[in-house]
Structure formats: structure tokens, C-alpha cells
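Student: I would like to learn how to read burial, contacts and salt bridges from a structure. Can we go through some cases one by one?

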Amino acid sequence: MSNPQPLEEEAYDMSGARLALTLCVTKAREGSEADLHALELMFQRLGFESTMKKDPTAQQFLEELEKFQHAIDARKDFVSCAFVVLMAHGLEGHLEGEDEQMVDLENLFEVLNNKNCHALRARPKVYIVQACRGEQRDPGERVGGDNIVMSTKDSLQTIPTYTDILHVYSTVEGHISYRHDKDGSCFIQTLVEVFTEKKGPILELLTEVTRRMAEAEVVQEGEPRKVNPEIQSTLRKRLYLQ
């Protein structure tokens, strides 16, 4: 048997424009302003052109994403990647708009896929979703004796429709997501901290976000809870932000 060969470390070309859209429902979501502020600083530091919209209705979630897609496709310069941050109350597969109506996440995700957004074809599209995905709460399981302290080919002629997409959810399917009334959400704050302080491929950065969140403990109504993000990736290359 021949020796295993190391993986080729091909990376996305990040020399072009970096675009970000944040859609955030602040109504009845105390602490979301802290998350918006942290994201604004992160995008600025990472060289993104960032747009933020507060309190979209369910319909406006879709309309703002479609406007974002049209603006991207209308650009004459090279676009390297797009980030979309979605923050709201939610259930699995849905977000709740400011008008308390629900929008289907899949409809939002489809707007920038390789079929619908030509300028981002074969380029990374990152969705960050800070929302509940159900009602379950995780009390955690003890591991060991650790004390946890903390409140393909070179020239592609065609490409699949759903490649080059990264979905990052604040919690796993079926579970609630936590947010502090003043400090914001553990997920957004940890993600911003890691993305601005560390260098490496984005999937390795997200592994560090997961590690930090897994070590932390959230206390809700006097009960300790655990929470961790969930990452779904169809990226074909390494994505470096800095």
C-alpha cells in the first residue's frame, strides 16, 4: 500500500470585495444590540462592506436578501465572498419576523446559491443564524474529572447548485438558543472573539468557537445549561478571513 498523500491546501481567492448583510429582530430580544455592535466591529476589522437592517418583517427578510443578491450581481468588481447574519426568534427551519410571521430559512438560503447569484458562483457564502431551533434544553453530561467554570478537476465546467455554502447555527436542531439581556448571545460574542483574534481556515475557527462554547455554562432560571453551535458545510476549499 502506498503512503497516504497530504491534502492539497487550495484556498478561496479572498482578494476581492467582501460583503456582509445582517438582519436582526431586536423586538423582545434584549441583548441583540450588543451582538450588532460586536458584529459591526468584526466586519470592519475583517475588511467587509457591511449592511445592517433592524426589525425586518418575515417578508422583509426575503426582500432584503433579494436586494443584497441583486446588488452583488450588479457589481463590476470581483466579489470574494458574502456573509449573511440572521438573528431572530425561531423554530426549526423558520425565523420569526418583527411582525411575528414566520419565514422559511430554506427560502432565504436559496437566494445566494450557485444558480441564483452568478457573482457568487463557486465563491463562499456563509450564513450565521442566531435563533432557537426548538424548545429542548441541554443540561450537559459529565466527562472525566474536568472542572468547567464559566457563566475535482482543475477546471470546473459545471458546479453543483449547493456547494460553497457554510451554515453556522447558534444551537443544534430542536434546541433553544441563549442570549444575555445586556451582554448579547454567547454564540455571537464567542464567534466575533475567535474570528477577530485568531487566524486559520474558517472551519478550524468554528471548531474553536464550539470548544469555547462547550466549556461554558449558561444558567437559566437557576439551572445550568449547555449549548453548542452546529456547522453544515459544502465548502470546496479553505476559507481564510485574515
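Tutor: We can start with burial. This is a predicted model, and in it Gln69 has a relative accessibility of 10%. The cut-off for buried is under 20%, so Gln69 counts as buried.

Student: Where is Gln69 placed, and which residues does Gln69 touch?

Tutor: Gln69 belongs to helix α2, residues 58-74. Leaving out residues up to four places away in sequence, Gln69 touches Val111, Leu112, Asn116 and Cys117.

Student: Now salt bridges. How do I recognise one, and to how many does the count come?

Tutor: Look for a side-chain nitrogen of Lys or Arg within 4 Å of a carboxyl oxygen of Asp or Glu. By this rule the count comes to 13 salt bridges. One of them joins the side chains of Glu98 and Lys27, with 3.9 Å from N to O. This pair links distant parts of the chain, 71 residues apart. Glu98 sits in the loop between β5 (94-96) and β6 (102-104), and Lys27 in the loop between β1 (17-24) and α1 (32-45).

Student: Are Glu98 and Lys27 buried or exposed?

Tutor: Neither word fits. Glu98 is partly exposed, at 27% relative accessible area, and Lys27 is partly exposed as well, at 41%.

Student: What does the salt bridge between Arg236 and Asp164 look like?

Tutor: The closest N and O atoms of Arg236 and Asp164 are 2.9 Å apart. Arg236 lies in the segment after β11 (230-233), while Asp164 lies in the loop between β7 (125-130) and β8 (165-169), so the pair ties together parts 72 residues apart in sequence. As for accessibility, Asp164 is buried, at 0%, whereas Arg236 is partly exposed, at 32%.

Student: Which salt bridge can I look at within a helix?

Tutor: Take Arg212 and Glu208, whose closest N and O atoms are 2.8 Å apart. Both are in helix α5, residues 202-215. Because they are four residues apart in that helix, about one helical turn separates them. Arg212 is buried, with 18% relative accessibility, and Glu208 is buried too, with 19%.

Student: Which residues form a network with Arg212 and Glu208?

Tutor: Check whether salt bridges share partners. Here, shared partners join Arg212 and Glu208 with Glu193, Arg211 and Glu215 into one network.

Conventions
Residues numbered from 1 in each chain as written. Predicted model: local features only at pLDDT ≥ 70, side-chain atom pairs only at ≥ 80, totals over all residues. Heavy atoms only, no water. Helix = DSSP H or I, 4+ residues; strand = E, 2+ residues; numbered from the N terminus. Buried < 20%, exposed > 50% of the residue type's maximum accessible area, 1.4 Å probe, protein only. Contact = heavy atoms within 4.5 Å.
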